[in-house]
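Dear colleague,

Please find below the structure that I am handing over to you. My findings follow directly after it.

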Amino acid sequence: MEDRIIPAHVAIIMDGNGRWAKKRGLPRKMGHVEGCKVVEQTVEDAARLGIRYLTVYAFSTENWKRSGDEVDALMQLFRYYAKRLLKIANENNVRVKMIGERSRFAPDIIDKIHALEKTTEKNTGMTFVIAVNYGSRDEICRGVRRMLADSRDGILEPECVTQETISSYLDTAGLPDPDLLIRTSGEERLSNFLLWQLAYSELYFSDVLWPDFKKEELVKAIEVYNKRERRFGNAK
């Protein structure tokens, strides 16, 4: 990666777990299991490449519409991988942050989310952001409600609202906008992910299903990013 600009913030829509499992005659949950393993490796790869922020779309507000069995399996996976993620994060000096509306989760999962954030908050390496029960429209609605409440309470003057003000009320407050978005599995849409934050991001769509995503594909996306003419973000 010599003479390459490493994007400071990479966001990933991890798509294709179900299709990966179906191609192999496996239950969908096995695709999610394999996908979790790839997340682990991608965290390590991204940190070693020098990416400062990595955000992954783990569970959307729309995912609750999936079958009860699949949702239950995803929750169990989260419980299991929360422990593994804590170990991986500390081994790689990674800080973990969750975005999304977490109150819908079971109390023990909420506790695990808080523990991940608290235990890694002093790590100084890459920040790993996990979007759980996240939808960008929901995020914006929640932010607007907080803004209206602050305006009502005299904390926020409407005429003082700027783009920076709006950003400060979103789940990603304090984080830079992504320089690069990667979506796997050949789909080419944002799926209600970081709609405000991706305004000037470069988009890279890969045909690789998420469980087959390797470091080489991440490097390839960064190489394509470097070929784009950048006028924002980390352009030189």
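I begin with Phe105, which, apart from its neighbours within four places in sequence, is in contact with Phe59, Trp64, Met75, Ile110, Ile113, Val132 and Asn133. Please bear in mind throughout that this is a predicted model.

Phe105 also belongs to the largest nonpolar core, which has 43 residues. Together with Leu54, Phe128 and Ile182, Phe105 is among the residues with the most contacts inside that core. Helix 3 supplies the largest share of this core, namely eight residues. A further core of twelve residues lies apart from it, and includes Ala11, Val129, Leu175 and Leu194.

The packing of helix 3 deserves a separate paragraph. The axes of helix 3 (residues 68-91) and helix 4 come within 10 Å and cross at roughly 10 degrees. An angle under 35 degrees counts as roughly parallel, and helix 3 and helix 4 are therefore roughly parallel to each other. On the side of helix 3, the residues that meet helix 4 are Met75, Phe78, Arg79, Ala82, Leu85, Leu86, Ala89 and Asn90. Helix 4 contributes Asp108, Ile109, Lys112, Ile113, Leu116, Thr119 and Thr120. Sorted by class, this contact comprises nine nonpolar, three polar and three charged residues.

Next, Asn123 is located in the loop between helix 4 (107-120) and strand 4 (127-134). Is Asn123 buried or exposed? Its relative accessible area is 17%, and because buried means under 20%, Asn123 is buried. Two polar contacts of its side chain can be reported. One joins the side chain of Asn123 to the side chain of Asn90 at 3.1 Å, and in the other the side chain of Asn123 reaches the backbone oxygen of Val94 at 2.7 Å. With neighbours within four places in sequence left aside, Asn123 is in contact with Ala89, Asn90, Asn93, Val94 and Arg95. Of these, Ala89 and Asn90 also appear in the contact of helix 3 with helix 4.

Asp171 is placed in the loop between helix 6 and strand 5. With 13% relative accessibility, Asp171 counts as buried. Which residues does Asp171 touch, not counting those up to four places away in sequence? They are Lys97, Ile99, Gly100, Tyr134, Glu139, Arg142 and Arg146. To Gly100 there is a polar contact: the side chain of Asp171 reaches the backbone nitrogen of that residue at 3.0 Å. Asp171 and Ser136 are 35 residues apart along the chain, while their C-alpha atoms are separated by 9.3 Å.

Arg183 lies in strand 5 (residues 180-183). This residue is buried, with a relative accessible area of 4%. Leaving aside neighbours within four places in sequence, the contacts of Arg183 are Ile13, Asp15, Arg189, Leu190, Ser191, Tyr204, Phe205 and Ser206.

Finally, Asp153 is found in the loop between helix 5 (136-152) and helix 6 (163-168). The relative accessibility of Asp153 is 51%, so this residue counts as exposed. From C-alpha to C-alpha, Asp153 and Arg228 are 45 Å apart in space, with their positions 75 residues apart in sequence.

Yours sincerely

Terms used. Residues are numbered from 1 along each chain as its sequence is written. This is a predicted model: local features need pLDDT of at least 70, side-chain atom pairs count only at pLDDT 80 or more; totals for chains, interfaces and linings use all residues. Side-chain values use heavy atoms; hydrogens and water are left out. Helices (H or I, at least four residues) and strands (E, at least two) are DSSP runs, numbered from the N terminus. Buried means under 20% relative accessible area, exposed over 50%, partly exposed in between (1.4 Å probe, protein chains only). A polar contact is a pair of N or O atoms within 3.5 Å; within protein, one must be able to donate a hydrogen and the other to accept it, and residues adjacent in sequence count only if both atoms are side-chain atoms. Contact means heavy atoms within 4.5 Å. Axes are lines fitted to C-alpha atoms, for helices over the stretch in contact, and angles run from 0 to 180 degrees between N-to-C directions. Angles under 35 degrees count as roughly parallel, over 145 as roughly antiparallel, 65 to 115 as roughly perpendicular and the rest as oblique. Ala, Val, Leu, Ile, Met, Phe, Trp, Tyr, Cys and Pro count as nonpolar, Asp, Glu, Lys and Arg as charged, and the others, Gly among them, as polar. A nonpolar core is a set of buried Ala, Val, Leu, Ile, Met, Phe, Trp, Tyr and Cys residues joined through side-chain atoms within 4.5 Å.
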